[in-house]
Amino acid sequence: MIIEQRKTTLAYRCPTCGGVPTSMVGAFSLSGDRFVLKCTCKESQLVVDKQADGKLMLTVPCVSCPQPHNYILSREVFFNSEVFIIPCSTCGIDICFLGNSDKVSEAVEHSNDEIVK
């Protein structure tokens, strides 16, 4: 019997270069206490920490605020969402995206279009 690994695509908007680092994250990637997604510019990173209750805390850099934002998600939301978008609570710009790879790409493109307007 083969067990399919739970996985999601995770992306965030880098406040330094404006790029959108993206990575597939599997449940086994989170078997430790922390997963880190770094931008290729090496100036920012998104951190996922596993909490004692099994929930996941995302520390997401923000394009508008000087400090990153913390969000706590259940494993169900993290791994089972078709697409889940996290906006900055201050300015409303989408800063984090997770879910199905194609849907995340579409959400990033839509968000880019909104920023340019």
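Start by selecting Ser 111 in this predicted model, and show whatever touches it. Setting aside the neighbours within four places in sequence, Ser 111 makes contact with Arg 13, Asp 94 and Phe 97. Color those three so you can find them again. Ser 111 itself sits in helix 2, which covers residues 101–116. Is Ser 111 buried or exposed? It's buried: its relative accessible area is 3%, and the cut-off for buried is under 20%.

**Zoom out to the whole chain**

Now switch to a cartoon view. You should find 2 helices and 8 strands. Walking from the N terminus, the elements come in the order β-β-β-β-β-β-α-β-β-α. The C-alpha atoms fill a box of roughly 50 × 25 × 25 Å along the principal axes. As for the radius of gyration, the chain has 14 Å, which agrees with the value near 13 Å for a compact globule of 117 residues.

Try a surface view next. The chain exposes about 6800 Å², and 51% of that comes from carbon and sulfur atoms. Of the 117 residues, 39% count as buried. Among contacts with a separation of 6 or more, 38% are between residues 24 or more positions apart.

**Select the sheet**

Back to the cartoon: pick strands 3, 4, 5 and 6. What order do they take in the sheet? They're laid out 3-4-5-6, with antiparallel pairing, and the sheet is open. Look at the two edges, strand 3 (34–38) and strand 6 (69–73): each has a single partner strand, so one side of each is left without a neighbour in the sheet. Ignoring direction, neighbouring strands here are turned by 15° against each other on average.

Stay with strand 3 and add strand 4, residues 45–50. How many bridges join strand 3 and strand 4? There are 5, and the pairing is antiparallel. To see one of the matched positions, click Leu 37 and then look across to strand 4, where its bridge partner is Leu 46.

**Find the salt bridges**

Turn on side chains now. The structure holds 2 salt bridges, and one of them is right where you're looking. Select Asp 49 and Arg 34: their side chains meet in a salt bridge, at 2.7 Å from N to O. Asp 49 belongs to strand 4 and Arg 34 to strand 3, so this pair links distant parts of the chain, 15 residues apart.

The two ends of that salt bridge have opposite surroundings. Asp 49 is buried, with a relative accessible area of 14%. Arg 34 counts as exposed, at 52% relative accessibility.

For the other pair, select Lys 103 and Glu 82. Their side chains form a salt bridge at 3.7 Å, again N to O. Where do the two residues sit? Lys 103 is in helix 2, while Glu 82 is in the loop between helix 1 (75–80) and strand 7 (83–87). They're 21 residues apart, so this pair, too, links distant parts of the chain.

Check the surface around this pair as well. Lys 103 is partly exposed, with a relative accessible area of 31%. Glu 82 is exposed, at 52%.

**One last stop**

Keep Lys 103 selected and follow helix 2 along to Ser 111, where you began. Lys 103 is partly exposed, whereas Ser 111 is buried.

Terms used
Residues numbered from 1 in each chain as written. Predicted model: local features only at pLDDT ≥ 70, side-chain atom pairs only at ≥ 80, totals over all residues. Heavy atoms only, no water. Pairing = 2+ DSSP bridges. Helix = DSSP H or I, 4+ residues; strand = E, 2+ residues; numbered from the N terminus. Axes fitted to C-alpha atoms, helices over the stretch in contact; angles between N-to-C directions. Buried < 20%, exposed > 50% of the residue type's maximum accessible area, 1.4 Å probe, protein only. Contact = heavy atoms within 4.5 Å. Salt bridge = Lys/Arg side-chain N within 4 Å of Asp/Glu carboxyl O. Rg over C-alpha atoms; globule rule 2.2 N^0.38 Å. Areas by Shrake-Rupley, 256 points an atom, 1.4 Å probe, with all protein chains shown as cover.
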